[in-house]
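Welcome! Please take a moment to look over the sequence and turn the model around before reading on.

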Amino acid sequence: RIAQGRDAAQAMYDMKLWRSRHEQLRRAARGRTLREVGRLVRCAARADQVVKAVRPGDPWHALRELTLE
């Protein structure tokens, strides 16, 4: 969404990221490409779904993938 010229704050809102987490995401994104940030956000979403049993998988494996990504 940002690559499409959207404002970063609006893109985070559209992705339903909690407003209280916006600054953390900005800090985590520093020094990373847009592609890397997108991949990390998707990985975090998958891990969240596995941990909540919405998606099949091993929660520990999903968290390990996210932290070692």
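What follows is a walk through a pair of helices and then through the salt bridges. Please keep in mind that this is a predicted model.

Let us begin with two helices, α3, which covers residues 34-51, and α4, which covers residues 59-68. Their axes come within 9 Å of each other and cross at roughly 165°. An angle over 145 degrees counts as roughly antiparallel, and therefore α3 is described as roughly antiparallel to α4. The crossing also has a hand: α3 passes α4 in a left-handed way.

Which residues of α3 and α4 make the contact? On the α3 side, you can pick out L40, C43, A44, A47, V50 and V51. Facing them from α4 are P59, A62, L63, E65 and L66. If you sort the residues of this contact by character, 10 are nonpolar, one is charged and none is polar. The charged one is E65 of α4, because Glu is counted with Asp, Lys and Arg as charged.

Now let us turn to the charged side chains. How many salt bridges does a search of the whole structure find? The search comes up with three.

A good place to start is helix α2, residues 22-29, which holds both R26 and E23. These two residues are three apart along the chain, or about one turn of the helix. R26 and E23 form a salt bridge, with 3.9 Å between the closest N and O atoms. That distance qualifies because the cut-off for a salt bridge is 4 Å. R26 is partly exposed, at a relative accessible area of 35%, and E23 is likewise partly exposed, at 37%.

E23 has another partner as well: R30 forms a salt bridge with E23, and here the closest N and O atoms are 3.8 Å apart. Is R30 buried or exposed? With a relative accessibility of 56%, R30 counts as exposed, because the mark for exposed is anything over 50%.

The remaining bridge to visit joins the side chains of K52 and D48, with an N to O distance of 3.2 Å. K52 is exposed, with a relative accessible area of 56%, while D48 counts as partly exposed at 37%. Looking back over the salt bridges, those that share partners link E23, R26 and R30 into one network. E23 is the shared partner there, as it bridges to R26 and to R30.

Methods:
Residues numbered from 1 in each chain as written. Predicted model: local features only at pLDDT ≥ 70, side-chain atom pairs only at ≥ 80, totals over all residues. Heavy atoms only, no water. Axes fitted to C-alpha atoms, helices over the stretch in contact; angles between N-to-C directions. Helix = DSSP H or I, 4+ residues; strand = E, 2+ residues; numbered from the N terminus. Parallel < 35°, antiparallel > 145°, perpendicular 65-115°, else oblique. Left-handed = near helix turned anticlockwise from the far one by under 90°. Contact = heavy atoms within 4.5 Å. Buried < 20%, exposed > 50% of the residue type's maximum accessible area, 1.4 Å probe, protein only.
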